[in-house]
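Here is an explanation of how some helices pack in one protein model. Keep the structure in view while reading.

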Amino acid sequence: MTDLSNIYNQNLSGINIPATGYMGFRKTLLIDADLDDTLVNAKRIAIRDAHQVKQLASELKGNSIHETAENVWDYLRANTVYKLDKKGIEELRTPARSLVDGKKGFMDTSFGIDCDDYTILVSAILINLGINHEYRVASYSQKGKFQHIYPVAFDENGEPLIIDIVPEI
């Protein structure tokens, strides 16, 4: 496994963010969006904003896709906090905003990122590294009702590697 001690707890290197934190805007894309809307927009954001985590991606790159997946998981579990979006609101954050809000969650419980934000963030990292991946959705209590999303990378042999950062709930 790659030694990541040099990047843990750093100031979001490679991301141009003022010391006061992310001061971006919020924009409502759709009202009453469904799963397809969420998937389309999550992929769009990951592709459009992958440049925001280009340096981080290179720092997390391991000697194999498996090692890289472990590095991504370890880094995000150590440096971000999970928090559900407010009820009735599905917020899709850019990779940079996810890193900021996820890190702020350690000091302020009103911040954190949820599964779709983690998926966008991991996807953006994988895009930078040219790693083939997909999004998977899950339903646990009500058939057909989307409750969770997570990214799955594919190693050199096409074997799936789940990179689900969401902690056990």
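**Helices around H5**

H1 and H5 are oblique to each other, because an angle counts as oblique when it is neither under 35 degrees, nor over 145, nor from 65 to 115. The model shown here is a predicted one. In it, the axes of helix H1, residues 35–48, and H5 cross at roughly 45° and come within 8 Å. The crossing in which H1 passes H5 is right-handed. On the H1 side the contact is made by Ala42, Ile45, Ala46 and Ile47, and on the H5 side by Ile120, Ser123, Ala124 and Ile127. Sorted by class, this contact of H1 with H5 has seven nonpolar residues, one polar residue and no charged ones.

Two numbers have been used so far, and they serve again below. Two packed helices are described by the angle between their axes and by the distance between the axes.

Next, turn to helix H4, which covers residues 95–104. The axes of H4 and H5 come within 9 Å, with a crossing angle of roughly 125°. That angle makes H4 oblique to H5. H4 passes H5 in a left-handed crossing. Which residues meet here? From H4 they are Pro95, Ser98 and Leu99, and from H5 they are Asp117, Ile120, Leu121 and Ala124. By class, the contact of H4 with H5 has five nonpolar residues, one polar and one charged. Ile120 of H5 is in the contact with H1 and also meets H4. Ala124 of H5 likewise takes part in the contact with H1 and in the one with H4.

The third helix to follow is H3, residues 65–79. Its axis and that of H5, residues 115–129, come within 12 Å and cross at roughly 140°. H3 and H5 are therefore oblique to each other. The crossing of H3 past H5 is right-handed. Thr68, Val72 and Leu76 of H3 meet Tyr118, Leu121, Val122, Ile125 and Leu129 of H5. By class, the contact of H3 with H5 comprises seven nonpolar residues, one polar and no charged ones. Leu121 of H5 meets H3 and also meets H4.

**Rings**

How many aromatic pairs does the structure hold? The number is zero. A ring does appear in another arrangement, with Lys43: the charged end of Lys43 sits over the ring of Tyr135, at 5.6 Å from the ring's centre.

Conventions:
Residues are numbered from 1 along each chain as its sequence is written. This is a predicted model: local features need pLDDT of at least 70, side-chain atom pairs count only at pLDDT 80 or more; totals for chains, interfaces and linings use all residues. Side-chain values use heavy atoms; hydrogens and water are left out. Axes are lines fitted to C-alpha atoms, for helices over the stretch in contact, and angles run from 0 to 180 degrees between N-to-C directions. Helices (H or I, at least four residues) and strands (E, at least two) are DSSP runs, numbered from the N terminus. A crossing is left-handed if the near helix is turned anticlockwise from the far one by less than a right angle, and right-handed if clockwise. Contact means heavy atoms within 4.5 Å. Ala, Val, Leu, Ile, Met, Phe, Trp, Tyr, Cys and Pro count as nonpolar, Asp, Glu, Lys and Arg as charged, and the others, Gly among them, as polar. Rings of Phe, Tyr and Trp (its six-membered ring) pair if their centres lie within 6.5 Å; planes under 30 degrees apart count as stacked, over 60 as edge-to-face and the rest as tilted. A charge sits over a ring if NZ of Lys or CZ of Arg is within 6 Å of the ring centre and within 35 degrees of the ring normal.
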